[in-house]
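Biologist: I'm new to this one, and I'd like to go through it with you step by step. Could you put it up on the screen first?

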Amino acid sequence: MKEEVWRWWEETPHPDGIKWKTMEHNGPYFPPAYERLPKNVKFYYEGEVMELSELAEEVATFYAKMLEHDYTKKDIFNKNFFEDWRKEMTDEERKKIKKLEKCNFQEMCDFFKEQSEARKNKTKEEKLALKEENAKIAEEYGLCTMDGHKQKVGNFRIEPPGLFRGRGDHPKQGKLKKRVKAKNVIINIGKDAPVPSPPEGEKWKAIQHDASVTWLACWTENITGSNKYVMLNAAARIKGEKDWQKYETARKLKECVHKIRDEYKNDWKAKEMRIRQRAVAMYFIDKLALRAGHEKDEGESADTVGCCSLRVEHITLHAQKEGDDYVVEFDFLGKDSIRYTNSVPVEKRVYKNLELFKKDKQPGDDLFDRLTTSSLNKFLGEQMPGLTAKVFRTYNASNTLQQQLDSLTEPDANVTAKLLQYNRANRAVAILCNHQRAPPKTFDKQMTNLVNKLKDKKKAIKTVKKEIKELKKEYHNNGKSEKVKNTIEKKKKQAERLEEQYFKLEVSMTDKEENKEIALGTSKLNYLDPRISIAWCKKHEVPIEKIYNKTQREKFQWAIDMTDETFVF
DNA sequence: GTGCAGACTTAGAAGCTGGACG
DNA sequence: CGTCCAGCTTCTAAGTCTGCAC
């Protein structure tokens, strides 16, 4: 079955503020109701078997499922879980269960492990049946018709209840994320579309027909009180259009960035403190691709910062460091509590300004006390329509990729070598944007495997070469037989193949090593204008499939369709 | 300006799967 | 034929930014 491709990029976009004309969908898909544990799976309190009410048991299973996770070693997680769990208990349970340390969830934990084991060990037929069942759900709930075209829904499943897994030192980690019911969910749908029916005996919170927003369903999550939305997949027109526009804005910045840079450099010596702070902040956002950095309310989330919310303790000034003058050393936790460390030599004026901003302040004080993201963005918007702090990240990321590709690509190299060059260009961007990942748990093992494979390959090459040598001898000594000659040719081909495989292994080892703690995905998906990569592929005869997998090609369909090798960011 | 709700993008980790390999 | 693991998909948290009320 061939999927329809909607070439929306050749159509006139909707006017501002209108996201769609018609929209039909079947609502969100709810997780299954809680199923009680088998009677033989027991919970113990102070070593004694204890039966739990349905709700208390359900919440206990959330914890049991995480028993072997590091989360359950953290005090805040345990404290939050226990507090919320007790709220779900019956009075009797609450009277008895007073201490988490006296609870034993081991049988529950083992039960779930067995269950997941059993799932893996299902027969082919059983697995196929499950797959078909899933496909049916995706067919029904995973599709939406927008403006007459079938579009994939991104997250059509309502988030199941569980324990909140906040990142870093999140003060709310371990709290109970409650089950979402139809009465919590608002449905957004076209006026003329049939309204999806809520689960048996339930009612939606509300039905609305608001074409100024893109979401299909919405509910309020109980941990932070913010909204969660069901929206379309990245391949949908409504997302693609926006994505395209994002890169066009970034390209516009390219046109005027020199002027903006001149101006903020000039502002480093402004009379007004707030303008100086803005100018230094802009320098960081531009040069280091820092995020804007909103003020966040303390105690509600992990203590992380971006540019505007940097505090005194996050930078250290060094008049000299490792041979450089005027070095700013950054060390702070950014989005997702990912640590940012960087030592950057800066202009003397920037350095002197930072000294000034830090003067008479204590750790905990804002470095840019006269600056907010909204005042900064307001100013940026006046420099160029649509300009905000994050446009600099997009611009600098895409621009870096373009430059790196231009300088790293060797036109005569083979595809394997070129892919390494591409990945290195991509890596430069990921480093700029500080996209890190935990090294894969099996990293060392993987490396050893590769080294072994490499050794084996080398041996194989040696053997084949030896064989060729001997066959040649035979050929000359024993009357130049046609048969031997053919064998030699065959062996030569084999040697060639092996050499290529060896080269590929070598490259993949280099690539893996260099990529140990770097995540390329985020920049590839969110920061790099796909047209740069597509033009590069076309120019250097690298198949696009080597750069973008199927999902990514669907997301970037617009770019694949409109880009030829002459595109320059 | 400031604070807040709402909408939407960006983010790394977890979970899953299918194909390589012995 | 089973095992392993790499790449993909899914998940959902955590940002940014806009617009509105005061």
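Modeller: Here we go; keep in mind that this is a predicted model. Let's start at the DNA: α10 and α12 (443-477) each supply at least two residues of the surface near DNA strand C.

Biologist: Which helix gives the largest share of the surface near DNA strand C?

Modeller: We've just met two helices that each supply at least two residues there, α10 and α12. The largest share is three residues, and the helix they come from is α12.

Biologist: Which residues are closest to DNA strand C?

Modeller: There are 28 residues around that strand. By class they split into four nonpolar, 12 polar and 12 charged. The closest are Arg 167, Lys 228, Lys 296, Gln 446 and Thr 551.

Biologist: Which residue uses a polar backbone atom to reach a phosphate oxygen of DNA strand C?

Modeller: Let's sort the contacts by the atoms involved. Lys 177 has a side-chain N or O atom 3.2 Å from a phosphate oxygen of DNA strand C, so to speak of a backbone atom we must look elsewhere. Asn 549 also uses a polar side-chain atom, 3.3 Å from a sugar or linking oxygen of the strand. The backbone contact, at 2.7 Å from a phosphate oxygen, belongs to Gly 293.

Biologist: Now the other strand: what percentage of the DNA strand B atoms within 4 Å of the protein belong to sugar or phosphate?

Modeller: For DNA strand C, sugar or phosphate makes up 92% of the atoms within 4 Å of the protein, and bases make up the rest. For DNA strand B the atoms are again split between sugar or phosphate and bases, and the sugar or phosphate part is 86%.

Biologist: Which element supplies the largest share of the surface near DNA strand B?

Modeller: That surface has seven nonpolar, eight polar and 12 charged residues. β12 (227-230), α6, α10 (389-408) and α14 (521-526) each supply at least two residues. The largest share is three residues, and it comes from α6.

Biologist: How far is the side chain of Arg 291 from a phosphate oxygen of DNA strand B?

Modeller: Arg 291 is one of several residues with such a contact. A polar side-chain atom of Thr 214 lies 2.9 Å from a phosphate oxygen of the strand, and for an N or O atom in the side chain of Lys 246 the distance is 2.8 Å. For a polar side-chain atom of Arg 291 it is 2.8 Å.

Biologist: Which residue's backbone oxygen does the side chain of Ser 398 contact?

Modeller: Ser 398 sits in helix α10 and is buried, with a relative accessible area of 0%. A polar atom of its side chain lies 2.8 Å from a backbone oxygen. That oxygen belongs to a residue that is also among the nearest to DNA strand B, namely Tyr 527.

Biologist: Let's turn to the rings. Why do Trp 268 and Tyr 283 count as edge-to-face?

Modeller: The structure holds 30 aromatic pairs. In this one, the ring centres are 5.1 Å apart. Planes over 60 degrees apart count as edge-to-face, and the pair earns that name because its planes stand at 90°.

Biologist: How many residues apart are the two partners?

Modeller: Trp 268 is in the loop between α6 (237-267) and α7 (273-288), while Tyr 283 is in helix α7. Both are buried, and both belong to a cluster of linked rings that includes Phe 330 and Tyr 340. The pair links distant parts of the chain, 15 residues apart.

Biologist: Which residue in the turn between β14 and β15 has a positive phi?

Modeller: Strand β14 (residues 324-333) pairs with β15 (residues 339-345) in the antiparallel sense over seven bridges. They form a hairpin with five residues between them. The residue with a positive phi, about 65°, is Asp 336.

Biologist: One last thing: which strands stand at the edges of the β3-β2-β4 sheet?

Modeller: That is an open sheet of three strands with antiparallel pairing. Two of its strands have a single partner each, so one side of each is left without a neighbour in the sheet. Those edge strands are β3 (48-50) and β4 (103-104).

Note on methods
Residues numbered from 1 in each chain as written. Chains lettered and ligands numbered in written order. Predicted model: local features only at pLDDT ≥ 70, side-chain atom pairs only at ≥ 80, totals over all residues. Heavy atoms only, no water. Phe/Tyr/Trp six-rings, centres within 6.5 Å; stacked < 30°, edge-to-face > 60°. Helix = DSSP H or I, 4+ residues; strand = E, 2+ residues; numbered from the N terminus. Buried < 20%, exposed > 50% of the residue type's maximum accessible area, 1.4 Å probe, protein only. Pairing = 2+ DSSP bridges. Near = heavy atom within 4 Å. Polar contact = N/O pair within 3.5 Å; in protein donor to acceptor, adjacent residues only side chain to side chain. Nonpolar A, V, L, I, M, F, W, Y, C, P; charged D, E, K, R; others polar.
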